[in-house]
Number of protein chains: 4
Amino acid sequence: MDGFKRRKEQKKQDILEAALSLFMEYGIQKVAISEIAHKANVSQVTIYNYFESKHKLSIDVFEYYVMKATRDFEKIVTSDIPFPEKIKQIIFNKTIASKQIHEEFYHFLMKEYAEQGNVIEKIYQETAIPYFAKLFEEGKQQGHVDPNISQEAIFFYIHMLKDYMQREEVYTKILPLTEDISNILFYGIVGKERN
Amino acid sequence: MDGFKRRKEQKKQDILEAALSLFMEYGIQKVAISEIAHKANVSQVTIYNYFESKHKLSIDVFEYYVMKATRDFEKIVTSDIPFPEKIKQIIFNKTIASKQIHEEFYHFLMKEYAEQGNVIEKIYQETAIPYFAKLFEEGKQQGHVDPNISQEAIFFYIHMLKDYMQREEVYTKILPLTEDISNILFYGIVGKERN
Amino acid sequence: MDGFKRRKEQKKQDILEAALSLFMEYGIQKVAISEIAHKANVSQVTIYNYFESKHKLSIDVFEYYVMKATRDFEKIVTSDIPFPEKIKQIIFNKTIASKQIHEEFYHFLMKEYAEQGNVIEKIYQETAIPYFAKLFEEGKQQGHVDPNISQEAIFFYIHMLKDYMQREEVYTKILPLTEDISNILFYGIVGKERN
Amino acid sequence: MDGFKRRKEQKKQDILEAALSLFMEYGIQKVAISEIAHKANVSQVTIYNYFESKHKLSIDVFEYYVMKATRDFEKIVTSDIPFPEKIKQIIFNKTIASKQIHEEFYHFLMKEYAEQGNVIEKIYQETAIPYFAKLFEEGKQQGHVDPNISQEAIFFYIHMLKDYMQREEVYTKILPLTEDISNILFYGIVGKERN
DNA sequence: AATGAATGAGGGTTCATTCAT
DNA sequence: GATGAATGAACCCTCATTCAT
C-alpha cells in the first residue's frame, strides 16, 4: 500500500473511531455529522465521500465495532480457563466492548436495519456465532450444559445478559448481585441444592 | 365531573394514548409533537397547554404506561394459576403492555431521568416491586425459588427477560424457544435432570 | 355607581395596574397577555373584553400612566418652593412616575402610535404642557429663564432630561453628577462664572 | 485575500448591513432572522454559520454600527471648524449615523448586555470617549467650556442630545428650535445676556 | 481528493387571539 | 359577563446533505 492509500485508510479509520466513540456515548441520533467531522479532524464532506450517508456510516461503524469486539470474544473462548469462568467473563468482563455502549447504537441498528438486507444480522452470524458454537460444545462435553437445550436459547440468554451488563445504570446496580446472577444462569431460580 | 372537565380529561387521555403508541413504535426522539397532535386530533399548542414540554410529556406518558401495565401484572400475580405458570405469563404473555415497546421509550427515560429526581425509579418502586415481592414469597414457599438467591437478582432476571420479549425482533425469533428459555430460567443451563 | 359597575371598574383597574407595572419593567413586547391576566387575577379573555387587543391595551395603559404622573407634576408646579428647586425636582425626583419606566413602554408608544391619530400626543398636550407653561411663565418673571428662548425648546430640554433620568442604567451612573447637570441646564457649558 | 475569502467577507458584510438597516428601522425583537436572510440574499442558516445566534448577531451589528459612526465623529473632531460649530454638528448633523436608529436597537443592547461583560460599554469607551476627551480639552482651552464642570456631565449632555436628535419624531419637531437648543446647551436656560 | 460555504426541511416552543360553555 | 380550552402563525434554531472551488 503506497503512502497515498495509507493516508486515505488512516482517515477512514479516524472517522470510524470518532463516530464509534460518539455513537457509543450518545447514540446515533444525538450525534451530528459535524461533531464526528470535528473529532476526526476532517471536513463533513470527507465523511460523505467515504460513507455516502449517515445511515451507511452507522452500519460501517457497527461492523467496525463488531470486528473489534470479536477479537476479545475469541481470546476468551480459546483461552485455558474453565468453562464456567469463560461464561462469567463473557457476561461480566468489561474489557469486552471496553466502553459502555449506548443502547441506541445497538438497538437502532438491530431494529432499523435488521429487516431490510440483514447487513448486521449477517455480521453477527459470521463472527460471534461460530465462536459461541465452539464454546457451547465445550460446555456440553464437560457437563456444564444440558444437551437438551438448544444452542439458540443459550446464546440468547448469554447475549441478553451481556447486553444488559453494558448499560451503565444497570451495571452499577447489578454488580453486587454478580454471584446470584451467575447462579441463576447455571442452576436456575429453583437453585442448585434442590432435591 | 361536569362535561367540561370530562372533555378535558378525555383530551388529555387522547394525547397520552397517541403519544404512547407513537413513542412505543418509533421512540421519543423520532416522534414530532406535530405528529402526536395530529394523531390525537388536537393542535400542537393544546399539548403544550397540558404538558408544558416534550420532555415533561414523555415522563407523563411513561407514568401512564406503567399504570396500565401494572394492572395486568396485578391480575396475573393475584390469579389462581400455579406459580411457574405465573412467571411464564409475566415473561411471555403479550397482553402485558400489549403492544411492543420501543427501547428508546424505555431506556431514554431510564437513563435520562433516573438520575435527577428518580421520577421513574419511584414509579417503579411503588408499583411493580411490591407485587413482585409477593410473588417471590409465594414461589419460595412452594419450593420453586431458591431462598438463597436475593430477591433483587430474580427481579432483575425476570425484568430483563420480559423486557427482551417486548422487542419485536427478538420476540418472533425467540418464540419457538419458549420452552427452552423457561427451562433455563427455572433450572439453569446445567439443566433439570443433572445428578 | 352600583356594586356591579363598581366591581367591573375594579377589574378594569386591576388589569391596568398589572399591565402598567409589567410594561414598565419589561417593555411591551416582552410581556405576554397571559402574564397580565395572571397578575390581575382575571382570564385572558376578560382583558380582551375590556381592551379589544394588546395594541389598544397599551394605549389605555399609557393614558392611565400619564394621568397618574400628572398628579405628581401638578403638585410640584403648584407648590411653594423656589423655581430652580421645582425644576430640579421635576428632573431628578424619582417620586414622579415613581417606578422606573421601561424605555420601550415609552418609545414604542411614542413612535408606533404618535403618527396615526396622535392619541398619545393629545394626552400629552392636554395634561403636561399646560402645567409646564405655567411654570415657564413663573421662571421668566423671576429672571430664571431667558425670555428669548422659546417655551418649546425648554420644554423639550426638560422633558429630555427627565426622560433620561428614568432609565435605570443612566440614573445610577449620573446621580453623582446631579450638581453638574443642573448647572449646565441653568448656565450652559460655558458656565456661570464667565465674564 | 483570495476570491473565496473575499466573497465570504462580502456575504458577512451583506448580512451586517441588512441586519443594521432592519434593526434601525424596526428594533431587534420585531425583526425575524428570515427577514434579514431575505434582505441579504442568503439563507437563514448562513446567518447562523456566521453569527451563531440572533443575540450574538445583534452585538456584532452594534459593533459594526459604532465603527461606522466613529469615522464620522472623528472627521468632525479633527476638522478645522470652530469649537461651537463642532458641537452643533455632532448633535444636529444627520450624516452621523446617517439613518435613524431605532431606540430599541440602542437601548436593548445598552441594557441587555451592558451588565454582563460590558461588551458594548467597552466599545463605547474605546471609541467615542477618547475623541470626546480631546474635543473637551480644546473647548476648555478656548474658553467655551467651564473647567469646573466634569467631563462626564458634558459627555452625558451631548450624548443625550445627539441620541434624541436621532429619533425621527423628535428631529422633525425640534429642527426649528435648533438655535434655541444650542443656546441652552452653551448658556443654559438663564441665558447669555443675564447680568 | 478535500474542503469551506451554503441550504431546505423540519423541530420545539411561544403568543395573541378566538371558541364554546 | 367571565372563563377554560383551543389554535394558527410565527420564530429561533439544528442538521443531514449538496455546491463550488
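Modeller: Before we start, one bit of vocabulary: Ala, Val, Leu, Ile, Met, Phe, Trp, Tyr, Cys and Pro count as nonpolar, Asp, Glu, Lys and Arg as charged, and the others, Gly among them, as polar. Also, this is a predicted model.

Biologist: Okay. How do the residues of the surface near DNA strand F divide by class?

Modeller: There are 13 nonpolar, 15 polar and six charged residues on that surface.

Biologist: And which residues come nearest to DNA strand F?

Modeller: Out of 34 residues around strand F, the nearest are A:A32, B:S43, B:V45, C:S43 and C:V45.

Biologist: What about DNA strand E, how many residues surround that one?

Modeller: Strand E has 35 residues around it, and A:V45, B:A32, C:A32, D:S43 and D:V45 are the closest. By class, the surface near strand E has 13 nonpolar, 16 polar and six charged residues.

Biologist: Switching to the protein. How many helices and strands does chain A have?

Modeller: Ten helices and zero strands. Along the sequence, the pattern of chain A reads α-α-α-α-α-α-α-α-α-α.

Biologist: What percentage of chain A is buried?

Modeller: Of its 195 residues, 30% are buried. As for contacts in chain A between residues at least 6 apart in sequence, 63% join residues at least 24 apart.

Biologist: Any backbone oddities? What is phi of A:E52?

Modeller: Phi of A:E52 is near 75°, a positive value in a residue other than glycine. Most residues other than glycine have a negative phi.

Biologist: Where is A:E52 found, and is it buried or exposed?

Modeller: You'll find A:E52 in the loop between α3 (44-51) and α4 (54-77) of chain A. A:E52 has 11 other C-beta atoms within 10 Å, so it counts as exposed; the cut-off for exposed is 12 or fewer.

Biologist: And what about phi of C:N41?

Modeller: Phi there is near 60°, again positive in a residue other than glycine. C:N41 sits in the loop between α2 (33-40) and α3 (44-51) of chain C. C:N41 is exposed because it has 11 C-beta neighbours inside 10 Å.

Biologist: Last topic, chain D. At what angle do helices α5 and α8 cross?

Modeller: The axes of α5 (residues 83-92) and α8 (residues 151-165) of chain D cross at roughly 45° and come within 7 Å. So α5(D) is oblique to α8(D).

Biologist: Which residues make the contact?

Modeller: On α5(D), D:I87, D:I90, D:I91 and D:F92; on α8(D), D:I158, D:L161, D:K162 and D:M165. By class, that contact has seven nonpolar residues, no polar and one charged.

Definitions and conventions:
Residues are numbered from 1 along each chain as its sequence is written. Chains are lettered from A and ligands numbered from 1 in the order in which they are written. This is a predicted model: local features need pLDDT of at least 70, side-chain atom pairs count only at pLDDT 80 or more; totals for chains, interfaces and linings use all residues. A residue is near a molecule or strand if its C-beta atom, placed from the backbone, lies within 6 Å of it. Axes are lines fitted to C-alpha atoms, for helices over the stretch in contact, and angles run from 0 to 180 degrees between N-to-C directions. Helices (H or I, at least four residues) and strands (E, at least two) are DSSP runs, numbered from the N terminus. Angles under 35 degrees count as roughly parallel, over 145 as roughly antiparallel, 65 to 115 as roughly perpendicular and the rest as oblique. Two residues are in contact if their C-beta atoms, placed from the backbone, lie within 7 Å. A residue is buried if 20 or more other C-beta atoms lie within 10 Å of its own, exposed if 12 or fewer, and partly exposed in between; C-beta atoms are placed from the backbone.
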